[in-house]
Amino acid sequence: MSVLTKPGLQELLADLRGYLGTEPPALSLPPAAYTAPELWELERERIFSRSWLLIAHVDQLAAPGDYVAVQIAGESVVVARANDGALHAMSPICRHRLMPLVEPGAGHTDAFTCGYHLWKYGLDGRLRGAPFMGGNKAFTPKDCRLPQFAVAEWKGFVFVNFDAAAEPIGDHLELAAPQFANFRIEEMVLVDSWSLEWRANWKVVMENAHENYHVLGLHRETLEPFMPGGSDIHVEHYSPWVLHARIPLAMPVDSETLELNEIQRTNGMVLLTFPSSAFIAFADQVVWLSFLPTAIDRVQVIGGVFTLPALAGTSEAVAQTQAAVTAMINEEDQQGLEAVQRGVSSRFAERGHLSPKEQPGVLAFYRNLAQALLGDETAGR
Ligand code: FES
Ligand SMILES: [Fe+2]
C-alpha cells in the first residue's frame, strides 16, 4: 500500500482477522486503526455498546443516593444506589425533551431532577413527578422510566453494560479469582483516586496496559528498578473478557498482613478485562484503572489505589509518597501515549514488529479486539 493511501474499513478488518489464527503476525495494528472514524463507529457499536465496562468502586457508591456518572464512547450512564440498597445503571437522559440529568462525576442526591422543566426521577430511574402533564392523555407517568442497563459488582468493582441482556461477567472474572484470593481485595479501602483525560486512542492505551516492555523507556526511573521491562511476563487468557498477567518483580515483596504465596510474592499480579480495564495487585495494595474512551482520540482514565483498612492512614507521609509515585507513573504513561497518538497519525507510519517481551499480552488484546469486531464471523467467542 502506498504510504499516502489510507486503508478502508474492510482492509483494516482483514488485517485484524490475521490475529485470530494460530500464528498471528507479531506486528502492531495498522496505524489507521487508531485514527479511522469508520473503525471507531464500529467499535462503538460492537464493543462499547455491549461489553462490561468498569466505572466505579463500591466505596464511591456506599450509601443510598450515592451516584457515579460517566460518558463512554458518546453515551452517558449513571449508576446510583437506591434506597433498597440495589445498584441501578441507567441512561441519565430526561425522557421529556432529552436534557442530560447529571454531568459526569460523582455525587449524592435523593432524586435526579431535570434542570429544563423539572421532571423528577427516583434513584431507580422511575418518574416521580412531572409538572403540568395531567392534560396530556397519551402520557402515562407510571410507565416512564430511564432506560436500564446491566450492572455487576465483583470484589467491590462496579461494571456496567449498555446491553441489558448481556451475558453476566461474574463467571468470567471468577476464573481469575484464585490468583487474587490472598490479597483480600474485598476488604480493601480506597486511599487515592483520580480522573484524568489522556489524548490518545483507547487502543494505544490498552496495548500499553498489556505489556511491561515499555517500562524500559517510559518508566525507567520509577518502575524499572522494581518491575524490569526486560522480564518475560506470563499470560493466562482465561476468556474473551478476562486475562491475567504476571510481571516478575526484581525482588520478592513481603507483607506483614497478607499471606501471599510464592507466585504472589514474586510477581505483580494483573487482571485485565476486555475492552478497557486493568488492576494490579502487589504486596498490600491494588491499583485499578479504567480507560473509558470519550472520542476517537480521547480517553478518560479513572482509577485509584486500595489497601487494607489496617494500613490505610497509618502514615500520612507514606500515603502521600505513594500517591505521588502513582501520579508520576500515570503522568509518564500519559506523556508517552499522547506522543504515540501523534505518531500513529503520520502519513509515513506503518505496522511495527513486536518484541517477544510484549507479544503475549498485546497479541491477546488484538485477538479479543478482532473477535469483538468481526462478531459472527468468528466461532468460539
Ligand atoms: S427536558 Fe427534562 S424536564 Fe424537560
Ligand atoms: Fe506504563
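Let's start at F279: setting aside neighbours within four places in sequence, this residue is in contact with W154, F157, F180, I185, M269, V270, L271, V286, V287 and W288. Keep in mind as we go that the model is predicted.

F279 is a good place to begin, for it is one of the residues that touch the most other members of the largest nonpolar core, together with I72, F180, W202 and Y366. That core holds 101 residues. Helix α7, residues 359–374, is its biggest contributor, giving ten residues. Domain 1 (53–161) and domain 2 (171–372) both supply members, so the core lies between them. There is also a second, separate core of 19 residues, and among its members are L101, V102, L127 and M133. As background, nonpolar side chains tend to be buried together in soluble globular proteins.

Now let's look at how the two domains meet. The domain assignment splits the protein chain into domain 1 (53–161) and domain 2 (171–372). Taken over C-alpha atoms, their centres are 30 Å apart. Across the boundary, 16 residues of domain 1 are in contact with 23 residues of domain 2. Between them the domains bury about 1600 Å², and 72% of this area is on carbon and sulfur atoms. On the domain 1 side, L54, W154 and K155 stand out: they supply 40% of the area that this domain buries against domain 2, more than any other three residues. You have already met W154, as one of the contacts of F279.

Next comes the metal site. The iron ion (ligand 2) is coordinated by NE2 of H214, NE2 of H219 and two OD atoms of D333, at 2.1 to 2.5 Å. The angles among these four donor atoms run from 56 to 150°, and the site is irregular. Why does it not count as tetrahedral? That label needs all angles to lie between 85 and 135 degrees, whereas the angles here span 56 to 150°. Along the chain, the donors follow the spacing H-x4-H-x113-D. H219 sits in the loop between α4 (202–209) and β12 (234–237), while D333 belongs to helix α6 (residues 316–344), so this pair ties together parts that are 114 residues apart in sequence. Both H219 and D333 are buried.

A few local details of the backbone deserve a visit too. The peptide bond from F274 to P275 is cis, with omega near 10°. P275 is placed in the loop between β14 (267–273) and β15 (277–282), and F279, our starting point, is in contact with M269, V270 and L271.

Two residues that are not glycine have a positive phi: A73, at about 50°, and L98, at about 75°. Are they buried or exposed? A73, in the loop between β2 (66–72) and β3 (75–81), counts as buried at 6% relative accessibility. L98, in the loop between β4 and β5, is exposed, with a relative accessible area of 55%.

The loop between β4 (87–90) and β5 (105–108) is also where S91 is found. At 7% relative accessibility, S91 counts as buried. Leaving aside neighbours within four places in sequence, S91 is in contact with S76, L146, P147 and F149. The β4–β5 loop therefore holds a buried residue, S91, and an exposed one, L98.

Conventions. Residues are numbered from 1 along each chain as its sequence is written. Chains are lettered from A and ligands numbered from 1 in the order in which they are written. This is a predicted model: local features need pLDDT of at least 70, side-chain atom pairs count only at pLDDT 80 or more; totals for chains, interfaces and linings use all residues. Side-chain values use heavy atoms; hydrogens and water are left out. Donors are N, O and S atoms within 2.8 Å of the metal (3.2 Å for Na, K and Ca); water is not among the atoms, so sites may look incomplete. Four donors count as tetrahedral if all angles lie between 85 and 135 degrees; four count as square planar and six as octahedral if opposite donors are over 155 degrees apart and all others between 65 and 115; anything else is irregular. Helices (H or I, at least four residues) and strands (E, at least two) are DSSP runs, numbered from the N terminus. Buried means under 20% relative accessible area, exposed over 50%, partly exposed in between (1.4 Å probe, protein chains only). A nonpolar core is a set of buried Ala, Val, Leu, Ile, Met, Phe, Trp, Tyr and Cys residues joined through side-chain atoms within 4.5 Å. Domain bounds come from an automatic or database domain assignment. Contact means heavy atoms within 4.5 Å. Buried area is the accessible area (1.4 Å probe) that two parts lose on being put together, summed over both.
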